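Visitor: I have a protein on the screen and a few questions about it. Can you walk me through the fold?

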Amino acid sequence: MRSAIEKLFSAQLSCITDASLREMVVDVWETGALKGGWAPEELETIPFTLLTETHGVNLIQHTIAVTLGAVGLARAIEGTCTPPFTVNMDWLVAGGLLHDVGKLLEIEKHQGGYRKSRSGKCARHPISGAILAAGAGLPEEIVNIIGCHAKEGDGRPQRIETVLVHQADFATFNPMVMHNAGLLIE
Ligand SMILES: [Fe+2]
């Protein structure tokens, strides 16, 4: 499992300069995948959401897209102006890779498809992901990214990395919802 995860996210993991943080990111994915009962070869088959038709976009692709998007936003901001805050790029990449790790617990296989698990009914993925990350010893700031990247974070104090991951997540999710509802002008 561990080597499969390292291979799937190799390009993004290599951007994390803190070796122990890199290991913890893999630890959390490994724990989530094992707890969720997923086999290594199944990781690229998990839909990235159950809330709308995903057109084959899987959780790994979504995780990478959100991470790259958040990094792109950070570079755009820091490359054009001098904001009164700094983005911790290690935390941003780690948080991007972990923002949806709770979906490994929230989603389960059912009759050839997927459905929300009992665990997912008890705690949505931002909560279960935050619990997994905190349990692995990740910094509280990364717990904030995971726990507050979706509606759970609305109106709550957030790190800049949380805001960037949220916006990148929205940018990959909402057009799919709009497309499926006939609201995306094409
Ligand atoms: Fe997401």
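Guide: First, a definition. Helices are DSSP runs of H or I with at least four residues, and strands are runs of E with at least two. Note that this is a predicted model.

Visitor: How many helices and strands does the secondary structure of the protein come to?

Guide: Count the runs from the N terminus on. The order is α-α-α-α-α-α-β-β-α-α-α-α. The total is 10 helices and 2 strands.

Visitor: How compact is the protein, and what is its radius of gyration?

Guide: The C-alpha trace spans about 50 × 45 × 30 Å along its principal axes. For 186 residues the globule rule gives 16 Å. The protein comes close to that, so it is as compact as a globular protein of that length, with a radius of gyration of 16 Å.

Visitor: Which share of the 186 residues is buried?

Guide: Buried means under 20% relative accessible area. The accessible surface of the protein comes to about 9,200 Å², and 57% of it belongs to carbon and sulfur atoms. The buried share of the residues is 45%.

Visitor: How do strands β1 and β2 run, and how many bridges join them?

Guide: Strand β1 covers residues 107-110, and strand β2 covers residues 113-116. They form a hairpin with 2 residues between them. The strands run antiparallel, and the number of bridges is 4.

Visitor: Which residue in β2 is the bridge partner of Glu-108?

Guide: Glu-108 has its bridge partner across the hairpin, in β2. In the turn, Gln-111 has a positive phi of about 45 degrees. The partner of Glu-108 is Arg-115.

Visitor: Is Gly-113 buried, partly exposed or exposed?

Guide: Gly-113 lies in strand β2. Its relative accessibility is 24%. Buried needs under 20% and exposed needs over 50%. Gly-113 therefore counts as partly exposed.

Visitor: Where is Thr-52, and is it buried or exposed?

Guide: Thr-52 sits in the loop between α3 (19-35) and α4 (59-80). Its relative accessible area is 14%. The cut-off for buried is under 20%. So Thr-52 is buried.

Visitor: Which residues does Thr-52 touch, leaving out those up to four places away in sequence?

Guide: Ala-39 is 13 residues from Thr-52 along the chain, yet their C-alpha atoms are separated by 24 Å. The contacts of Thr-52 come from elsewhere in the sequence: Phe-173, Met-176, Val-177 and Asn-180.

Note on methods
Residues are numbered from 1 along each chain as its sequence is written. This is a predicted model: local features need pLDDT of at least 70, side-chain atom pairs count only at pLDDT 80 or more; totals for chains, interfaces and linings use all residues. Side-chain values use heavy atoms; hydrogens and water are left out. The radius of gyration is taken over C-alpha atoms; the globule rule is 2.2 Å times the number of residues to the power 0.38. Buried means under 20% relative accessible area, exposed over 50%, partly exposed in between (1.4 Å probe, protein chains only). Accessible areas come from the Shrake-Rupley method with a 1.4 Å probe; for residues, only the protein chains shown count as cover. Two strands pair if DSSP finds at least two bridges between them. Contact means heavy atoms within 4.5 Å.
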